[in-house]
Amino acid sequence: MHVIAERPTRLLGRRALLSGFGACLLGGGTAEAVQVLRRHDHTDSENSRRRVDPTSISRVETAGDLMALTFDDGPDPDHTPTVLRVLSAAEVRATFFVIGRNALRHPQLVRDILADGHEVANHTQDHRWLDRLDLASVTDQIVGAERTLAGLGAGSGGMFRPPRGWISPNVVTATRAARLRTIFWTDCLEAHLSHGIDRAIAEVSHSARPGGILLCHDGGRLDGPNPQAIDRSATVAALPGLLRCLRARGLAADRLSSLLEASN
Ligand SMILES: [Zn+2]
């Protein structure tokens, strides 16, 4: 979805896009225009994210064959155990950006993640859209998740990922104060799944490169102030084949910290 929103901006420039929408709206559709404008206010592209936070990481320069495998929005009893079994069978380690609220609800799953040699990182306490929050609220979300992970004996490893990749100057201020690195992604498995599982595997593995950061989701359910209920069964179904294809292409999927250590 962010691709659709961003591509016209890149080709035409923001002013051209907006004037184009004005022409399209002669027959009505103000609500749609407002929705489009709001969408463009989010940091939906790698360039816009770097403009707001030049120290953020979307990919890594490395001379090796490593890429990072990351899972967001868990832990989730519906999917996380299956993901762990698939990763164990493939002998692949990954980084789980967990939501603090979900970690508190399923602490044993956090322990299971760590026991298998994976690592956990900070994906906020409640998965709220941080770029719409004031500094105090952003800080609560980020520090709250740090405290949750510390309370579970986990720790974030100093790595933070904002929900949907949406950041603001307040997010930059809060992450710097908490000494966290903000991590985005190079590609997202779920962005390809509407084409079917086989095609998604082919597309993701074809475009994968050393130093890349692949985003997947092991969590779909969340309650609290920003609830969601998303079926992640297609992600889980795609994972074994995807890991085989990445390996066949000579890529070694691993934890994010391993990739960061291997950066040039
Ligand atoms: Zn998320």
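Which residues are exposed on the other side of helix 10? In this predicted model, they are D198, R199, H206 and S207. The buried residues of the helix, which runs from 197 to 207, are A200, I201, V204 and S205. These four cover an arc of only 115° around the axis, which puts them on the same side of helix 10. So helix 10 has its buried residues on one side and D198, R199, H206 and S207 exposed on the other. As for what sits over the buried residues, the cover includes strand 6 (187-188), strand 7 (213-217) and helix 11.

Helix 10 is one piece of a protein with 12 helices and 10 strands. Of its 264 residues, 41% count as buried. Take the contacts between residues at least 6 apart in sequence, and 77% of them turn out to join residues at least 24 apart.

Then there is the nonpolar core. In soluble globular proteins, nonpolar side chains tend to be buried together. The largest nonpolar core here has 58 residues, and V120, L189, L214 and L242 touch the most other members. Helix 11 supplies the largest share of this core, with six residues. L242 also leads back to helix 10: setting aside neighbours within four places in sequence, L242 is in contact with L189, I201, V204 and S205. Of those partners, I201, V204 and S205 are among the buried residues of helix 10.

Helix 11 has another partner to look at. Two packed helices are described by the angle between their axes and the distance between the axes. For helix 5 (residues 80-90) and helix 11 (residues 233-248), the axes come within 10 Å and cross at roughly 10°. An angle under 35 degrees counts as roughly parallel, and helix 5 and helix 11 are therefore roughly parallel to each other. On the helix 5 side, the contact is made by T82, V83, V86 and A90, while helix 11 brings V236, L239, P240 and L243. Sorted by type, the residues of this contact come out as seven nonpolar, one polar and no charged. Upstream of helix 5, P75 is found in the loop between strand 1 (66-72) and helix 5. The peptide bond from G74 to P75 is cis, with omega near -5°.

Helix 9 (residues 169-177) can be read in the manner of helix 10. V171, A174 and T175 are its buried residues. They cover an arc of only 95° around the axis, which puts them on the same side of helix 9. On the other side, P169 and A177 are exposed. The buried residues of helix 9 pack against helix 8 (135-151), strand 4 (159-160) and strand 5 (181-182). Just after the helix comes R179, found in the loop between helix 9 and strand 5. Phi of R179 is near 55°, a positive value in a residue other than glycine. Is R179 buried or exposed? With 9 C-beta neighbours inside 10 Å, R179 counts as exposed, because the cut-off for that class is 12 or fewer.

H127 makes a useful counterpart. Phi of H127 is near 60°, again a positive value in a residue other than glycine. H127 is found in the loop between strand 3 (119-122) and helix 8. There are 25 other C-beta atoms within 10 Å of H127, so this residue is buried.

One of the contacts of H127 is with P163, which lies in the loop between strand 4 and helix 9. Leaving aside neighbours within four places in sequence, P163 is in contact with H123, T124, H127, R128, W129 and L130. P163 is buried, because 21 other C-beta atoms lie within 10 Å. P163 and D126 are 37 residues apart in sequence, yet their C-alpha atoms are 9.5 Å apart in space.

A145, in helix 8, meets part of that stretch too. Not counting residues up to four places away in sequence, A145 touches G100, N122, H123, T124 and Q125. H123 and T124 also appear among the contacts of P163. A145 is buried, with 29 other C-beta atoms within 10 Å. From A145 to D126 it is 19 residues in sequence and 8.3 Å in space, C-alpha to C-alpha.

Definitions and conventions:
Residues numbered from 1 in each chain as written. Predicted model: local features only at pLDDT ≥ 70, side-chain atom pairs only at ≥ 80, totals over all residues. Axes fitted to C-alpha atoms, helices over the stretch in contact; angles between N-to-C directions. Helix = DSSP H or I, 4+ residues; strand = E, 2+ residues; numbered from the N terminus. Parallel < 35°, antiparallel > 145°, perpendicular 65-115°, else oblique. Contact = placed C-beta atoms within 7 Å. Nonpolar A, V, L, I, M, F, W, Y, C, P; charged D, E, K, R; others polar. Buried ≥ 20, exposed ≤ 12 C-beta atoms within 10 Å, placed from the backbone. Arc of directions from axis to C-beta. Core = buried A, V, L, I, M, F, W, Y, C linked by C-beta atoms within 7 Å.
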